[in-house]
Amino acid sequence: TIILVFTYFFEKFRHKSRGSLEEKNNLLQQEIGERLRMEKSLRDSEERYRAIYLHAAEGILLIDAQGLIVECNPQILHMLGYLESNLLGRNVFSLYHPEDLQHLPSQLDKLLAGQTIFIERHLRTASGIYLLCEQNGKNINDNLLILLYRDITERKIAEIALERANQALDQMAHIDGLTQIANRRKF
């Protein structure tokens with residue numbers, strides 16, 4: 001009788017434990033499945049980010065809070081003519097025209113504070129000339145900033161030429177060609 005009672009309770013305990021273990025095993029399988037889906041989603045997201053980063057039209061620099069270049073995309077290398085090894089670890093401030101450096105501290109502080117900036121900068125190329133670029137910057141996290149650059153040198157040259165042509169046209173419309181004094185239209 002004692003053996004039967006002992007066997008009965010043992011089988012009851014074993015059945016209860018087995019049910020509990022199966023339930024925990026099912027929960028664990030669900031959690032593993034969810035983690036695998038999350039890992040795949042993260043990999044897909046990383047691949048999309050990498051594709052955008054490598055094929056963006058703008059030149060992209062990732063810098064740390066001190067201004068050291070951590071990463072750069074192929075477009076910025078092509079735009080400036082540097083090799084990647086020449087840019088990585090270099091201070092981004094060394095690429096700026098000296099006049100642009102006067103405005104830098106407040107811009108860097110704004111970026112570190114989480115603000116987005118959009119300004120024009122002159123960037124030095126490997127050959128030593130300066131390109132006029134639109135700079136768009138944003139704080140990614142506590143120690144990483146992203147700077148996007150678009151070359152606007154040709155656009156600025158065209159804008160200046162258009163402005164000069166408009167001034168010449170205005171002068172021709174308001175100044176008498178013979179006497180070089182204001183004409184009726186001016187008055």
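Biologist: Which residues are linked in a network of salt bridges?

Modeller: Start with the idea. A salt bridge is a side-chain nitrogen of Lys or Arg within 4 Å of a carboxyl oxygen of Asp or Glu. In this structure the network links Glu 120, Glu 134, Arg 155, Lys 156 and Glu 159. Keep in mind that this is a predicted model: local features need pLDDT of at least 70, side-chain atom pairs count only at pLDDT 80 or more, and totals for chains, interfaces and linings use all residues. Residues are numbered from 1 along each chain as its sequence is written, and side-chain values use heavy atoms, with hydrogens and water left out.

Biologist: How many salt bridges does a search of the whole structure find?

Modeller: The search finds 10. One of them belongs to the network: Glu 134 pairs with Arg 155, and their closest N and O atoms are 2.8 Å apart. Glu 134 sits in strand β4 (residues 130-141) and Arg 155 in helix α6 (residues 153-174), so this pair ties together parts 21 residues apart in sequence.

Biologist: How are helices and strands assigned, and how many are there in the protein?

Modeller: They are DSSP runs, numbered from the N terminus: helices are H or I with at least four residues, strands are E with at least two. The protein has six helices and five strands. From the N terminus their order is α-β-β-α-α-α-α-β-β-β-α.

Biologist: Is Glu 134 buried or exposed?

Modeller: First, the cut-offs. Buried means under 20% relative accessible area, exposed means over 50%, and partly exposed is in between (1.4 Å probe, protein chains only). Glu 134 has 13% relative accessibility, so Glu 134 counts as buried. Its partner Arg 155 has 39% and is partly exposed. Of the 187 residues of the protein, 25% count as buried.

Biologist: Which parts does the salt bridge of Arg 150 and Glu 58 tie together?

Modeller: Take the distance before the places. The closest N and O atoms of Arg 150 and Glu 58 are 2.1 Å apart. Arg 150 lies in strand β5 (residues 144-151) and Glu 58 in the loop between α1 and β1 (59-63), so the bridge joins parts 92 residues apart in sequence. Glu 58 is buried at 19%. Arg 150 is partly exposed at 42%.

Biologist: Where do Arg 37 and Glu 34 lie?

Modeller: Both lie in helix α1 (residues 2-55), three residues apart, about one turn of the helix. They form a salt bridge, with the closest N and O atoms 2.9 Å apart. Arg 37 is exposed at 52%, while Glu 34 is partly exposed at 38%.

Biologist: Which side chain of opposite charge is nearest to Asp 100?

Modeller: For charge, Lys and Arg count as positive and Asp and Glu as negative; His and the chain ends are not counted. The nearest one to Asp 100 is Arg 121, 4.7 Å away. Asp 100 is buried yet has no salt bridge. Asp 100 is part of helix α4 (residues 98-101).

Biologist: What does Asp 100 touch?

Modeller: Contact means heavy atoms within 4.5 Å. Leaving out residues up to four places away in sequence, Asp 100 touches Arg 121 and His 122. With the same exclusion, Gln 115 touches Lys 110 and Gly 137.

Biologist: What radius of gyration does the protein have?

Modeller: The value is taken over C-alpha atoms, and the globule rule is 2.2 Å times the number of residues to the power 0.38. A compact globule of 187 residues would have a radius near 16 Å, but this protein has 33 Å. Its C-alpha trace spans about 135 × 40 × 30 Å along the principal axes.
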